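Colleague: Could you walk me through how to read a model like this one? I would like the general idea, then the case in hand.

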Amino acid sequence: MATNTQNSSRLKRFFIGAPIATSEDSHQRLSKKVALPVFASDAISSTAYATQEILIVFLSLAAVGTAAYSRLVPISLMVIGLLVIVVFSYRQTIFAYPTGGGSYVVSRENLGKYPSLVAGGSMLTDYILTVAVSVSGGVAAIISAFSHLAPYRVHMAVGFVLLITLANLRGLKESGSLFAPPTYLYIICLFGLIIYGLFRVFVQDLGPIPHTEPFENELLSGTNSVTLFFFLKAFSSGAVALTGVEAVADGVPAFKKSESKNASRVLIWMAAILGSSFFGLSVLAQHIKPLADEEGEISQTVLAQMAEHVYGGRNIFFFITQFATFGILILAANTAYADFPRLSSIIAKDNYMPRQFMNRGDRLVFSNGVIFLGLAAISLIVVFSGQVTLLIPLYAVGVFTGFTLSQTGMAVRNYKLKDSGWIFKTIVSGFGATTTAFVAGIVVVVKFTDGAWIPAAVIPTLVLSFNAVNRHYTRVRSYLQPTDGYVAPFRTHTVVVLVGSVNQGVLKAVRYAESLRPDRLLALSVIENSDDRQRLQEQWDKFGLSIELDTIVSEYRDLTEPILNRINQIDDLDSDDLITVIIPEFVTSIRSQWLHNQSALAIKARLLFRPNTVVTSVPIVIP
Amino acid sequence: MKLVMGLKDAFNSKVKPVRELDAERLVDRFAELRLQPLGELEARDRTKVCGEVKRMTIKPRSGIPSMEIVINDGTGEATVIFSGRRHVAGIEHGHCIIVEGVAFADTNRLVFLNPKYSLLPTGKD
């Protein structure tokens, strides 16, 4: 038995790594240069798919044809405006909550229970979607480079999620050495593409991408006018670029001193990079007209089409761009693996989520949160067959709900504290909250049928279940809490030894039962027929067992039910009786254990829920 | 809601617990004897009842053994104690017996102490 546990724990150690002592837990402090890639990868990575999603709405859903390209820049400007508002509001949060102010914490401190639960639920769904969307996007980047991999989209995405999950179970720290190269590489590639692309467009007169395929022309030949509905829909697709902006505010304690100042710098840098690259991509796309459709018949991403066209074919620059895109998207998925377990542990600590989310594993990570996140993301990827476009409508609702509640919380806080300049601060946060609430509303309305109904249903369900979990924990605690001067009641004690046949195990169990000195002691055996009883009785006498032997015949060959009935009867005799049921059990090796004790297992499972019943196994170890 | 309740009732009448099935079986079996049903048995009345042996307990109580059996006729149960004996000829699990005597109440059960008894033929014979 001992060797078996050792083997299984060795297998675990092979995958997870050697356990780390709690006292070894160290928090790496990040410099700004390192913090930028760690916290910004999520936000910046959304440039890889945001432009494409805007184009899909116009070309594929609204069928406005080439008119789509002239709407890219206005929409990107609107998104940037939104970004500026949100960033300003989060700057305040960073200074107000140097210990980390995620939406959940800020709304818990300032708005109360339900808003904080909504924020928590929104952020949790959002992190799951971050993983699903980012990994799907990363796989799309790879497929753009190697189109024959297209049939394995879901397999690859699931494989990558599993890899990231495993890496995080091993305790992948938010280490700069891991995050910095891909993030910076992507930023360089992105700006390289934009600058070189604009140079080629404006100086070398590079024309649009030639489109020859029939369905490509069909996409471009749309003549519908741009309605407000589709404009807002395209805008809400572009607004997913803002996901991940909250990461800096969540992680303020990870910065070097002085934390708030450094964090707000990084936030501004991130916003600058995100805003300018998103704008640059929109301008570039307006001129070279990449295509995208809803069904994913065009296997190349918009970014890949632009890179191929700008660099003049599939050369080294094209491949570097694709790999950098893949890299940053995987990192973006990875940031959710830091955020989700942390947030779920905080919510669990407040008794709104199962306690298991607070458990830290061998490597000091919240293992259950990591595993849950991985499984949830995998199921999303499988259900939506790894298509970014299908996942996007689900994405934005949670983010903007989180933004709204966090900023409302800040507005309330500023109003209450009335620090210097509180009027301005309250107005900034209030305006931000109103804007993001408006965007959240738009997303739900214009994308309701596309999938926005899913988070709109899931988040309230989560809030209700948080509440139910909390009610349960509160009830249990108040039930267990002893009142002053509480004395445990005295109970008479009845011990029942379950007997199959007389063997060493039973003899030991009876001896053990006698050592308990109960008020009443009896053996209970369920037999098949009267011959069995006589044989048992003979054995009983032969070994000089002096306790009373109850036999019941099981008319219906069931073992559990007659035993439970008899225990109920015995219990009825005394009102405040404590019953100990003793089950002799053989313990053999793990290979042969299943040959024994199946009925014991069933009886134990049933007795577990019986009040005032103790179940004791007397083990007989058979080497 | 009404439909759900209806389905539940239909389910319950179709899928009876084993205990009820067994009770029905015993009631059918003893119906023709027309004896006092155990369910209506009162203490201190001279009576004649019957039932199937459901449980046997052999008590080695400080050297003086006793045998305790529980009989059931589908309507209720009664305990029969034969003191000073470890086995009584013909009394075994699954056998049916007729008991004549006076029952006394002991906590929440009715007990016949060393009553007059007769065996009913078992199904196998």
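Modeller: Happily, beginning with overall shape: the radius of gyration is taken over C-alpha atoms, and the globule rule is 2.2 Å times the number of residues to the power 0.38. Chain B has 17 Å, whereas a compact globule of 125 residues would have a value near 14 Å. Along the principal axes, the C-alpha atoms of chain B fill a box of roughly 60 × 35 × 25 Å.

Modeller: A word on conventions: this is a predicted model, where local features need pLDDT of at least 70, side-chain atom pairs count only at pLDDT 80 or more, and totals for chains, interfaces and linings use all residues. Residues are numbered from 1 along each chain as its sequence is written, while chains are lettered from A and ligands numbered from 1 in the order in which they are written.

Colleague: What is the mean pLDDT of chain B?

Modeller: pLDDT is the predictor's confidence in each residue, from 0 to 100. For chain B the mean is 86, and 95% of its residues reach 70 or more. The model scores ipTM 0.85 and pTM 0.80.

Colleague: How many helices and strands are there in chain B?

Modeller: Both are DSSP runs, numbered from the N terminus: helices are H or I with at least four residues, strands E with at least two. Chain B has 2 helices and 6 strands, in the order α-α-β-β-β-β-β-β from the N terminus on.

Colleague: How many residues of chain A are in contact with chain B?

Modeller: Two residues are in contact if their C-beta atoms, placed from the backbone, lie within 7 Å. Here 18 residues of chain A are in contact with 14 residues of chain B. E3(A) gives the most to chain A's side, with 6 residues.
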